[in-house]
Structure formats: structure tokens, C-alpha cells
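This report is for a reader who has not met the structure before. It begins with a single residue and then turns to the chain as a whole.

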Amino acid sequence: MTQQPAKRRQFKPGVGEPSSQVRFYFDDEDATLILPLLPRSAAEATTDEHARAEVNAALAPRRAFVPQSLPTLDASESSKTPPWLVPTLRLRVLPGAWRRRASRRLRLVLMSGGLFVLLLLGLLFSLRSPVPAVVLYQAQSQDYDQSLGGEGLVYPQRQLVLSLPFAGKVDTVLVKVGDSVRAGQAVLRLDPLELSLQLKLAWDELTAAESYLQAVMTSGNSTAVAQARQRYALARSRYETLQARSSSFLAGNCLLAPLSGVVTAVNIVAGQSFSANASLLTISDQSRVVVHAKLPLKALGLIHAGQSAEVFVLAGPTPTLKGTVLTIVPRADPQTDTFEVWVVLDNRSGVLLPGMSVFVRIAVKGSMLGLPRLAVLDLDLAPAVFVVQRQRAYLRSVHVIARSSARVFIDVGLRSGELVVLVGLADLRNGQEVCVVSVEKG
């Protein structure tokens, strides 16, 4: 009969009462494996060996755990009590121990995975860029004073090329290049025979056209009548024009100057014949000149007629002259990205000559939103600023209308009172969160 233990304990080597037998109990079986200690006599060895053989025969398929060191009995205990009467230490080997070991391994794996995830998150957090600290500037309307300049060429304000609507012959040239003439002064004397001949030919042509028209009208042919009327109208127009030009430009067979100025070109000599509408000579009024200046397209909205301008001359007694913007030519030069401005100025002193190169500077004044130059990115090509709204910076394109050495003035793309990043633009991205340190005002 198998003795049931009152209380079962787990075996720990070196702990507990010494016993002559160590018994292992299993939860799923009632069998008990008895391991005796080493006997001290041959008789005891035979008896113990016989008992152990019987038990092992019954439990042959099973294998029990044997501790590395078993407690030993001293001589006094072996003489007093037989081995089979010594109290035994009963050990329980629980099948759940393997499950506990597996759960511990799983916990170790989970803990290792959790530590790896924490390390990865920490690494990502350390690699993430911190929120940049920025200093903002509040855009406000400010007065600006800017000078815009460009090179230009001098042209006379008035210049006429004299010609006649009929052919003729020059008898005498009364002026030369560089002479100053007055309006109504004779510059050429024409051959009176040639002039009379031209007027007579024009009159004869008109008379012939009129006669032909009357003859055709009696025939009743509508097509011929229309052609005759057209011929008559052309002949009459030519004769009237010739007569009017002759009476206005000619006096006593002499060609008169229509304006006061300087003779800049003479294209004929005495005794030379000329054809109708041929250029005879050129008269320029240089008392007032016009400078055609080229200015950058960025200044197009700043220039208007009536603005004062300064004209700088490289040579001459007066290096700086005052002028006024006459007009703006509505055409741009795609090769130089410039537009043309005409500046008119007084030249009665004769400092400026037609064809001379000068430099024009126009002073521009106004009121516009002003920013420090440091707040504007890519100022020359595509100006833009970072506007902060709700602790985030957003990139916005702007139009620069004027600039100085320290400030930039904007007319499109920014409103008064908006906050613009002034310090901290390095590595700033569109839509990035920012930390505002301070706000400056203009």
C-alpha cells in the first residue's frame, strides 16, 4: 500500500531533513520511484538491492530525475534506525514547470522586442528635426524713396526732312550743315523754268482728265465713266497739292525752312536735278531734346508722365541736367527685359547733341509695405517670404516694387499686419511648425 504524503514539497539540494530514500511524485501518476541511499553493510545492500529491483521492474519505462548530490547518513543514524524506517523526502515534479519555462522565454522575447521598439522610437525621435526658433517682423506701410536709372540716347524733339512733290532742279544751295536757320528762311533756290514746267504739266494733266470725263459721259458706258472720274480725281489732287506746297514752301522760286533749327544734312548740290519726294536737306530743332532711356521692367509700375528726371552727361560744362518724363513707350525689349522712357529737357545751351549717350536717373517716392532685405528670399529672381500663421510658416511669393540698401518694398502678395520670418530662415520648410521667440515692428 502506497503511503500518501500529508504535505508535498519541492526538493532543493542541501535543504531539508536527511533521508534514506528520495521519492519523486508526478501529478499525472500515482507511482512513486524510491531511490535508496548507499547502505553500510552487505546484508543491507542485498535487501535494499532486492527491494529496489522490484520497484524498478514495475516502473521500468519511466525515468526519474536524480539529484547530483544526495544527502548522506552518518554512522550514528545508521546504527539506530534501519534505512527503510527513515522518514523520506517526497518531491513533486510538476508538468506545468515546462509551461512556466516556456512562458518565461516568451516574456523574455516580448521584453526584448519591447526594448527594441523603444530604442527605435528613441532613435527616430532623436533624428527628428526640432521645432526651429524664429524671430518675426510685422509688415507695415512705410514711405520709400528710390532712384531708377538707365542709359539712353539723345534725339531732337523736332526734325524735318525737306522734299518737294514734283521733280525739279536746284539752282543754288543757300545753307550748309551746322547752320542755324529760322522758320521761313530760304535754304534752296530752284530753277524757275523747271518749277513752272512742273506746274504746267500738272495743269495740263488735269485739263486732259476733265475733257476725257466729259466725252465718256455722253457715251453712256458706266464702266468707262467710273474710270474717267477716278483719273480726273487723281489729276486734280496732284495739281492742288503741288500748288499748295509750292505756295507754302516756295517764295520767289526759293524753298523755305518750315521751322527754326540747325541744318544737320544737305543731300543735294547746286545744279543737280531731283525727283519727286526726294530728300533735299534735314533741319533739327535742338533747343529741346528727348532722351530715349532704357529702364528695367521691374520699374514699370513706378514711372509715370510728369515725373522729374536727371540726365548725366559725361562731357560738357553742365554734367547734370533736369528733365521731365514725357511718355512711356508701351513696348518691352525681350532681349534686355527693359522698357523705353522718353525724357524731355531744355537744350538751348547746346550741351546735348543728337545721338549722344547719357545716363538717366528718375527719383521715385511713395508709400508701400516695407520689409528688411533679410526677410525676402531670392530677391532678384523670384522674391518670396515665410508668413507665420497659427505657429506654422508658409512660403508666399511677393512682388517687389522698390528696394534700398536695407529695405524692400512690396505691393502684391502681402498685407499690412502680417507676420514674416526675419531670423531663422535657414532650413525652414513650407508648412513647418515654428517657435516664435519675438516679434519686431518697423
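## Ile-401 and its surroundings

Ile-401 sits in strand β20. The model is a predicted one, and all that follows describes that model. With a relative accessible area of 11%, Ile-401 falls below the 20% limit and therefore counts as buried.

What does Ile-401 touch, once its neighbours within four places in sequence are left aside? Its contacts are Gln-146, Lys-298, Leu-302, Met-368, Phe-409, Ile-410 and Asp-411. Leu-369 lies 32 residues away from Ile-401 along the chain, and the C-alpha atoms of these two residues are separated by 9.7 Å.

## The hairpin of β20 and β21

Strand β20 pairs with strand β21, which covers residues 407-412. The pairing is antiparallel and runs over 4 bridges. One of the bridge partnerships joins Arg-403 to Val-408 in β21. Together β20 and β21 form a hairpin, with 3 residues between the two strands.

## Nonpolar cores

Strand β20, residues 399-403, is also one of the elements that give two or more residues to the largest nonpolar core. That core has 27 residues. Within it, the residues with the most contacts are Ile-303, Val-341, Val-343, Leu-352, Val-360 and Ile-362. Besides β20, the elements that contribute two or more residues to the core are β5 (140-162), β13 (281-296), β14 (308-312), β15 (320-333), β16 (338-346) and β17 (357-372).

Val-360 shows what surrounds one of these residues. Neighbours within four places in sequence aside, Val-360 is in contact with Leu-148, Gly-149, Gly-150, Val-291, Ala-293, Ala-309, Glu-310, Val-311 and Val-343. Of these, Val-343 is itself among the core residues with the most contacts. Apart from this core lies another, made of 18 residues, including Leu-162, Leu-164, Ala-257 and Phe-274.

## Pairing of β7, β11 and β13

Strand β11 takes in residues 261-266, and strand β7 takes in residues 180-181. The two pair in the antiparallel sense over 2 bridges. Val-181 has Gly-261 in β11 as its bridge partner.

Strand β11 also pairs with β13, again in the antiparallel sense. This pairing has 4 bridges, and one of the partnerships links Ala-265 to Thr-282 in β13.

## An aromatic pair

How many aromatic pairs does a search of the whole structure find? The search finds 1. The pair consists of Phe-312 and Phe-359, with ring centres 6.5 Å apart. Their planes meet at 50°, so the pair is classed as tilted. Phe-312 belongs to strand β14 and Phe-359 to strand β17, and the pair links parts of the chain 47 residues apart.

Are these two rings' residues buried or partly exposed? Phe-312 is partly exposed, with a relative accessible area of 27%. Phe-359 is likewise partly exposed, at 37% relative accessibility.

## Two loop residues with positive phi

Most residues other than glycine have a negative phi. Asp-337, which is not a glycine, has a positive phi of about 55°. This residue lies in the loop between β15 and β16. Its relative accessible area is 49%, so Asp-337 counts as partly exposed.

Arg-390 also has a positive phi, near 55°, in a residue other than glycine. Arg-390 is found in the loop between β18 (384-389) and β19 (392-397). Its relative accessibility is 83%, which means that Arg-390 counts as exposed.

## Cysteines

The count of disulfides is 0. Cys-254 is buried, at 8% relative accessibility. Cys-435, at 40% relative accessibility, is partly exposed.

## The chain as a whole

The secondary structure comes to 5 helices and 24 strands. The chain has 442 residues, and buried residues make up 33% of them. Its exposed surface is about 27,100 Å², of which carbon and sulfur atoms supply 57%.

What share of the contacts between residues at least 6 apart in sequence joins residues at least 24 apart? That share is 74%. The Phe-312 and Phe-359 pair, 47 residues apart, and the neighbours of Ile-401, including Gln-146, can be viewed alongside this figure.

Methods. Residues numbered from 1 in each chain as written. Predicted model: local features only at pLDDT ≥ 70, side-chain atom pairs only at ≥ 80, totals over all residues. Heavy atoms only, no water. Core = buried A, V, L, I, M, F, W, Y, C linked by side-chain atoms within 4.5 Å. Buried < 20%, exposed > 50% of the residue type's maximum accessible area, 1.4 Å probe, protein only. Contact = heavy atoms within 4.5 Å. Pairing = 2+ DSSP bridges. Areas by Shrake-Rupley, 256 points an atom, 1.4 Å probe, with all protein chains shown as cover. Disulfide = S-S within 2.5 Å. Phe/Tyr/Trp six-rings, centres within 6.5 Å; stacked < 30°, edge-to-face > 60°.
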